[in-house]
Amino acid sequence: MFVVDTNLLLYAVNPDADEHQQAYALIESWRRDDRRCYVTWNIVYEFLRVSTHHKVFARPLRLRQATEWMASLMRSPNVGVLTPPIAMSMCWRSSPRVIHGFAAM
């Protein structure tokens with residue numbers, strides 16, 4: 001299980017980025033992989049905001065294009081949205097020595 005970074009999604013959707021081919025290939029391989037990968041709602045928001053902004057992309061996506069691209073990614077069977085309750089339970093499972101938000105030394 002892992003969370004996909006916003007920047008990787010932006011490189012994958014932006015054909016003008018130097019990193020485009022590598023990022024797109026990586027995202028496509030994860031879509032077909034057996035492991036689960038996730039985005040958060042913050043990542044979705046960041047992706048939509050940046051990919052449609054004319055001062056960030058030379059050729060920004062239209063909002064409809066950006067939402068369709070993200071929806072297509074999220075329809076992949078092994079891609080999910082990591083919500084706060086799930087994220088917290090995974091934190092607790094991976095760090096059993098965390099007490100009241102502080103890691104035990």
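1. Start in helix α4, where Glu68 and Arg64 sit 4 residues apart, about one turn of the helix. Their side chains meet in a salt bridge, with N to O at 3.1 Å. Keep in mind as you look that this is a predicted model. The two partners fall into different accessibility classes: Glu68 is partly exposed, at a relative accessible area of 43%, while Arg64, at 63%, is exposed. For Arg64 the class follows because exposed means over 50%.

2. Glu28, Arg31 and Arg32 are worth picking out next, as salt bridges that share partners join these residues into one network. Overall, the count comes to 5 salt bridges. As background, side chains of opposite charge can pair when their charged atoms come close.

3. Which parts of the chain does the pair Asp16 and Arg59 link? Here the side chains meet in a salt bridge at 2.7 Å, N to O. The pair links distant parts of the chain: Asp16 belongs to the loop between α1 and α2, and Arg59 to the loop between α3 (41-51) and α4 (63-74), 43 residues apart. Asp16 has a relative accessible area of 40%, so Asp16 is partly exposed. Arg59 is exposed, with 53%.

4. One more pair to check is Asp33 with Arg35, a salt bridge whose closest N and O atoms are 3.5 Å apart. Asp33 counts as partly exposed at 28% relative accessibility, and Arg35 counts as partly exposed too, at 44%.

5. Now zoom out to the whole chain. You should find 5 helices and 5 strands, and reading along the sequence gives the pattern β-α-α-β-α-α-β-α-β-β. The chain has 105 residues, of which 31% count as buried. If you take the contacts between residues at least 6 apart in sequence, 61% of them join residues at least 24 apart.

6. Helix α1 deserves a look of its own. Is α1 largely enclosed by the rest of the structure or not, and how many of its residues are buried? In α1, 6 of the 8 residues are buried, so this helix is largely enclosed by the rest of the structure. The buried ones are Thr6, Leu8, Leu9, Leu10, Ala12 and Val13. As for what lies over them, the cover includes α2, β2 (37-39), α3 and α4.

7. Take α2 first among those neighbours. Two packed helices are described by the angle between their axes and the distance between the axes. Helix α1 (residues 6-13) packs against helix α2 (residues 20-32) at an angle of about 110 degrees, and their axes are 7 Å apart. That makes α1 roughly perpendicular to α2, because angles of 65 to 115 degrees count that way. The crossing of these helices, α1 and α2, is left-handed.

8. Which residues make the contact between α1 and α2? From α1 come Leu8, Leu9, Tyr11, Ala12 and Val13, and they meet His20, Ala23, Tyr24, Leu26, Ile27 and Trp30 in α2. The residues of this contact of α1 with α2 divide into 10 nonpolar, 1 polar and no charged.

9. Then turn to α3. The axes of α1 and α3 come within 9 Å and cross at roughly 40 degrees, and α1 and α3 are therefore oblique to each other. Is the crossing of α1 and α3 left-handed or right-handed? For α1 and α3 the crossing is right-handed. In this contact, Thr6, Leu9, Leu10 and Val13 of α1 meet Ile43, Glu46, Phe47, Val50 and Ser51 of α3. The residues of the contact of α1 with α3 divide into 6 nonpolar, 2 polar and 1 charged.

10. A last stop takes us back to α4, where Ala71 is found. Ala71 is partly exposed, with a relative accessible area of 29%. Try finding Val44 from there: Ala71 and Val44 are 27 residues apart in sequence and 9.8 Å apart in space, C-alpha to C-alpha.

Technical notes. Residues numbered from 1 in each chain as written. Predicted model: local features only at pLDDT ≥ 70, side-chain atom pairs only at ≥ 80, totals over all residues. Heavy atoms only, no water. Axes fitted to C-alpha atoms, helices over the stretch in contact; angles between N-to-C directions. Helix = DSSP H or I, 4+ residues; strand = E, 2+ residues; numbered from the N terminus. Parallel < 35°, antiparallel > 145°, perpendicular 65-115°, else oblique. Left-handed = near helix turned anticlockwise from the far one by under 90°. Contact = heavy atoms within 4.5 Å. Nonpolar A, V, L, I, M, F, W, Y, C, P; charged D, E, K, R; others polar. Salt bridge = Lys/Arg side-chain N within 4 Å of Asp/Glu carboxyl O. Buried < 20%, exposed > 50% of the residue type's maximum accessible area, 1.4 Å probe, protein only.
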